[in-house]
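Please examine the model below alongside its sequence. The paragraphs that follow move from the overall fold to helix contacts and individual residues.

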Amino acid sequence: MKNAVSRYFMATKYSDHVESKDKQPRTARGLKTKRKLLDAAALEFGEKGFHEASITGITQRAGTALGSFYTYFDSKEELFSALVKDMSARVKSHAGSAMIEWQDALEREKLALEAFMNFAREHKEIYRIIDEAEFVDPDSYRTHYEETAKRIFERLQDGGNSGEFRGDLDEAHAWAIMGMNVFLGLRYGIWTEEKSTVEIAKIANGILASGITTITK
């Protein structure tokens, strides 16, 4: 059995946010306050959307003073950008923690999709926030998907090197898999939960088994 923590799924509390270094928390209390603001922002933006959300609403949800907001962020736009990066990092971390052990490269993909769908069910606001990022913060939006596809492609290359996947898999295969995962998460994680994440991941795995493995199953 393979037992490893993927190098590109290391857990992090925060991603590299866009705010200047002098706004980074320097104490445990500061880290806790910033975490509260990010979590509150996820709920505020997820419920109201970027334009209707307010800084006051975010600080009220976080239970922090208005001044605390400006300790870490200069604007609502800056917080939104930080939130997109933070949520992307949390998805990455969540998937990484689920992929500590796997029997083969194909199972690794199944575990990754299960983890993503479980995260989406617990944080349904992620789809609205990421979708809005296309217009509010296009750079973060693009980076989110480019980094996700990059991680998938690296796994495909690992599978190719081990002989479990075809050796001619291209970056486009990674984008195709990501597209499948995103819409499965939307259909069975956000819109309904009529099938278990295990069932959905098994169906997706069946598609991959016929398309990218060297052995027909």
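A residue is called buried when its relative accessible area is under 20%, and exposed when that area is over 50%. By this criterion L79 is buried, because its relative accessible area is 0%. The structure in which L79 sits is a predicted model, and L79 itself belongs to helix α4.

The surroundings of L79 can be listed residue by residue. Apart from neighbours within four places in sequence, L79 is in contact with L38, A41, F45, I58, F69 and F73. One of these contacts, F69, lies ten residues from L79 along the chain, and the two C-alpha atoms are separated by 9.1 Å.

The overall architecture comes next. The protein chain has nine helices and two strands, and the order of these elements along the sequence is β-α-α-α-α-β-α-α-α-α-α. Of its 217 residues, 49% count as buried. The chain exposes about 11300 Å², and carbon and sulfur atoms supply 53% of that area. Among contacts in the chain with a separation of 6 or more, 73% are made by residues 24 or more positions apart.

An example of a pair distant in sequence is found at helix α1, which spans residues 28-48 and contains T33. T33 and A62 are 29 residues apart along the chain, and their C-alpha atoms are separated by 8.2 Å. Not counting residues up to four places away in sequence, T33 touches T64, S68 and Y72. T33 has a relative accessible area of 17% and is therefore buried.

Helix α4 also takes part in a packing arrangement with helix α6. Helix α4 covers residues 76-98, and its axis comes within 10 Å of that of α6, the two crossing at roughly 135°. Because angles from 115 to 145 degrees fall outside the parallel, perpendicular and antiparallel ranges, α4 and α6 are oblique to each other. Their crossing is left-handed. On the α4 side the contact involves F80, L83, V84, M87 and V91, and these meet E125, I126, I129, I130, E132, A133 and V136 in α6. By class, this contact has ten nonpolar and two charged residues, with no polar ones.

Helix α6, residues 125-136, in turn packs against helix α7. The axes of α6 and α7 come within 6 Å and cross at roughly 130°, so α6 is oblique to α7. I130, A133, E134, F135 and V136 represent α6 in this contact, whereas P138, Y141, H144 and Y145 represent α7. The residues involved divide into seven nonpolar, one polar and one charged.

Two of the α7 residues named in that contact merit separate attention. Is H144, which is found in helix α7, buried or exposed? H144 is buried, because its relative accessible area is 10%. With neighbours within four places in sequence left aside, H144 is in contact with S88 and I130.

The second residue, Y145, is likewise found in helix α7. Y145 counts as buried because its relative accessibility is 17%. Beyond its neighbours within four places in sequence, Y145 is in contact with I130, W175, M178 and V182. Y145 and G179 are 34 residues apart in sequence, and their C-alpha atoms are 9.7 Å apart in space. I130 thus appears among the contacts of H144 and among those of Y145, and I130 is also one of the α6 residues that meet α4.

Helix α7 has a further packing partner in helix α5. Helix α5 comprises residues 105-122 and helix α7 residues 138-162; their axes are 9 Å apart and the helices pack at an angle of about 160°. Angles over 145 degrees count as roughly antiparallel, and α5 and α7 are therefore roughly antiparallel to each other. The crossing of α5 and α7 is right-handed. In this contact A105, R108, E109 and A112 in α5 meet I152, R155, D158 and G159 in α7. The residues of the contact divide into three nonpolar, one polar and four charged.

Conventions
Residues are numbered from 1 along each chain as its sequence is written. This is a predicted model: local features need pLDDT of at least 70, side-chain atom pairs count only at pLDDT 80 or more; totals for chains, interfaces and linings use all residues. Side-chain values use heavy atoms; hydrogens and water are left out. Helices (H or I, at least four residues) and strands (E, at least two) are DSSP runs, numbered from the N terminus. Buried means under 20% relative accessible area, exposed over 50%, partly exposed in between (1.4 Å probe, protein chains only). Contact means heavy atoms within 4.5 Å. Accessible areas come from the Shrake-Rupley method with a 1.4 Å probe; for residues, only the protein chains shown count as cover. Axes are lines fitted to C-alpha atoms, for helices over the stretch in contact, and angles run from 0 to 180 degrees between N-to-C directions. Angles under 35 degrees count as roughly parallel, over 145 as roughly antiparallel, 65 to 115 as roughly perpendicular and the rest as oblique. A crossing is left-handed if the near helix is turned anticlockwise from the far one by less than a right angle, and right-handed if clockwise. Ala, Val, Leu, Ile, Met, Phe, Trp, Tyr, Cys and Pro count as nonpolar, Asp, Glu, Lys and Arg as charged, and the others, Gly among them, as polar.
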